[in-house]
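This report describes selected local features of a predicted model. The sequence and structure are shown first, and the description follows.

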Amino acid sequence: MEGKPGEACDLLIEAGLVVPVEPHGVVLEDHAVAVRDGVILAVLPAADARARFDPRETVSRPRSVLVPGLVNAHAHNPMTLMRGVADDLPLKVWLQQHIWPIEAAVIGPDFVADGVTLAIAEMLRGGTTCVSENYFFPDVQAATYKRHGFRARIGLPVIDFPTAWAKSDDEYFDKAGEVHDQWRQDALIGTAFAPHAPYTVSDDNFAHIRMLADQLDVPVHLHLHETAQEVAQSVEEHGQRPLARLDRLGLVNDRLIAVHMTQLTEAEIHLCAERGVSVVHCPESNLKLASGFCPACALERAGITLAIGTDGAASNNDLDMIGEIRTAALLAKAVAQDAAAFNAFSALRAATLGGAKAIGFDHLTGSIEPGKQADLACIELSSLEAQPMFEVVSQLVYATGRHQVTDVWIAGAPKLRGRELVDMDIDGIIANARQWRERISKVRVGANHDGG
């Protein structure tokens, strides 16, 4: 190669270690990732990369590990502005007596845009590059994610009562179609139907969603089997458990992104595996709301695509996917009563390629492979707290914190550089969040004064 011009690329990232996730269980030492036009060109030894490529920019991180950007497969990111607003309460009380009344008072395009912006900043600082959203004003969400160059699957909400987003069944579906049409060709933004839950969506609306999801070729993302109370209520009202009801309506298929799934029989796990259902495990939210335990190990052993999500910061209370991976791995072992269950590689896979597969983005992201988008996170491993290091993936899952994330790229564009956010005004975002705190605090005081 000496004396010859090298192959052009935009970016060459050299790392002491690379964990590509696919192939499973592989760790590459002293490797580099070459990027052109936002796409991964090659993954190869660093010395070979230097000989082959002529990059416009080289980022060298010899004491770090490069991983795929994390995929948060279930979030309500506008609710980041309600972080900690009603803690230490069971789900039904938390939702019906606190969250819904606050939302009724403050929800709107500005709330959604500002909450998503705060969430993007937090997620980037923790190595997350992709999210599956489930909230109102999906048009505003999509525009906000696009403006910041963040990859997202945006939920198109359907619920059986009027909200600030829509007043009737027809309006929910009409607006869903408009948002889908606007974003269906976008490189960063996709859509999914997001019926809230079986207890807030009618049979007719579920049937309509099934028909449209098939026509538009989009996933269906909903809370399912989240609590024992939900299951008991469904049996009382419909004579069936929620999953059986959805199966009757034709929704238990490979489009279904089932979130929480803490109440499952062996037969239900088998059905989900047979039909290609994906499950999103939200361990910290389930723990905090005492909703139950997702049988992650049993789902994995059944061959079900398993993803990890933070849920909303109002019930977690953070968007820290690195912390969520650790909780998911530890909880899976306790639930399975098996210390070997859901090992470190499996946990990392669930938070990357598993999430990408669940939301239908695995052709774009979730692993470090040529042809995929360069959605990448670099994590520094030279600090005292990271010593000594024997197995890098175990270190990532059991001993790493989000503060160790130094660099993040989405489609090859830098989003975090040396712990500093790129093109985001962090002081302005913090000041704006404080303004929302004041506004929401006044709503809470009024509700308490009225006996709410």
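## Cis peptide bonds

Asn317 is placed in the loop between β12 (306–308) and α12 (321–336). The peptide bond that joins Asn316 and Asn317 is cis, with omega at about 25 degrees.

A cis bond also leads from Gln387 to Pro388, where omega is near -15 degrees. Pro388 belongs to the loop between β13 (376–380) and α14 (392–399). As background to these two sites and to the phi values that follow, most peptide bonds are trans, and most residues other than glycine have a negative phi.

## Positive phi values

Asp30 is not a glycine, yet its phi is positive, at about 50 degrees. The residue lies in strand β2 (residues 28–36). Asp30 has a relative accessible area of 48% and is therefore classed as partly exposed, a category that runs from 20% to 50%.

Phe137 likewise is a residue other than glycine with a positive phi, in this case near 55 degrees. Phe137 is found in the loop between β6 and α4. With a relative accessible area of 9%, Phe137 is buried, since that value falls under the 20% cut-off.

Positive phi values also occur at two glycines that follow helices. Gly127, just after α3, has a phi of about 85 degrees. Gly149 follows α4, and its phi is near 65 degrees.

## Helix α3 and Glu122

Helix α3 comprises 17 residues, 109–125. At 1.5 Å a residue, a helix of this length should span 24 Å, and the end C-alpha atoms are 25 Å apart, in agreement with that expectation. Of the 17 residues of α3, 13 are buried, so the helix is largely enclosed by the rest of the structure.

Glu122 lies in this helix and is buried, with a relative accessible area of 12%. Beyond its neighbours within four places in sequence, Glu122 contacts Thr80, Arg83, Asp318, Leu319, Asp320 and Arg402. The C-alpha atoms of Glu122 and Glu420 are 12 Å apart, although 298 residues separate the two in sequence.

## Helix α4 and its surroundings

Helix α4 covers residues 138–147, and its buried residues include Pro138, Val140, Gln141, Ala142, Thr144 and Tyr145. Among the elements that cover the buried residues of α4 are the helices α3 and α5, together with the strands β6 (128–133), β7 (151–158) and β8 (189–195). Helix α3 thus appears again here, as part of the cover over α4.

## Packing of α5 against α6

How do the axes of helix α5 (residues 169–183) and helix α6 (residues 203–216) cross? The axes come within 12 Å, and the crossing angle is roughly 15 degrees. The two helices are therefore roughly parallel to each other, because angles under 35 degrees are counted in that class. The crossing of α5 past α6 is right-handed.

On the α5 side, the contact involves Asp169, Phe173 and His180. These residues meet Asn205, His208, Ile209, Leu212 and Leu216 of α6.

## The annotated domain, Val67 and Thr352

An unreviewed UniProt entry places the feature "domain: Amidohydrolase-related" at residues 65–412. Over residues 65–412, the chain is 43% helix and 17% strand. The end C-alpha atoms of this stretch are 17 Å apart.

Val67 is located in strand β4 (residues 53–68) and is buried, with a relative accessible area of 2%. Apart from neighbours within four places in sequence, the contacts of Val67 are Val19, Ile368, Leu376, Ala377, Ile379 and Leu396. Leu289, by contrast, is 222 residues from Val67 along the chain, and their C-alpha atoms are separated by 31 Å.

Thr352 lies in helix α13 (residues 344–358). Is Thr352 buried or exposed? Its relative accessible area is 0%, so Thr352 is buried. Outside the four nearest places in sequence on either side, Thr352 is in contact with Val21, Pro68, Gly69, Leu70, Val71 and Gly366. Thr352 and Thr365, 13 residues apart in sequence, have a C-alpha separation of 8.0 Å.

Terms used:
Residues are numbered from 1 along each chain as its sequence is written. This is a predicted model: local features need pLDDT of at least 70, side-chain atom pairs count only at pLDDT 80 or more; totals for chains, interfaces and linings use all residues. Side-chain values use heavy atoms; hydrogens and water are left out. Helices (H or I, at least four residues) and strands (E, at least two) are DSSP runs, numbered from the N terminus. The expected span of a helix is 1.5 Å times one less than its number of residues. Buried means under 20% relative accessible area, exposed over 50%, partly exposed in between (1.4 Å probe, protein chains only). UniProt positions are given in the numbering used here, feature names are shortened, and annotations may be inferred rather than shown by experiment. Axes are lines fitted to C-alpha atoms, for helices over the stretch in contact, and angles run from 0 to 180 degrees between N-to-C directions. Angles under 35 degrees count as roughly parallel, over 145 as roughly antiparallel, 65 to 115 as roughly perpendicular and the rest as oblique. A crossing is left-handed if the near helix is turned anticlockwise from the far one by less than a right angle, and right-handed if clockwise. Contact means heavy atoms within 4.5 Å.
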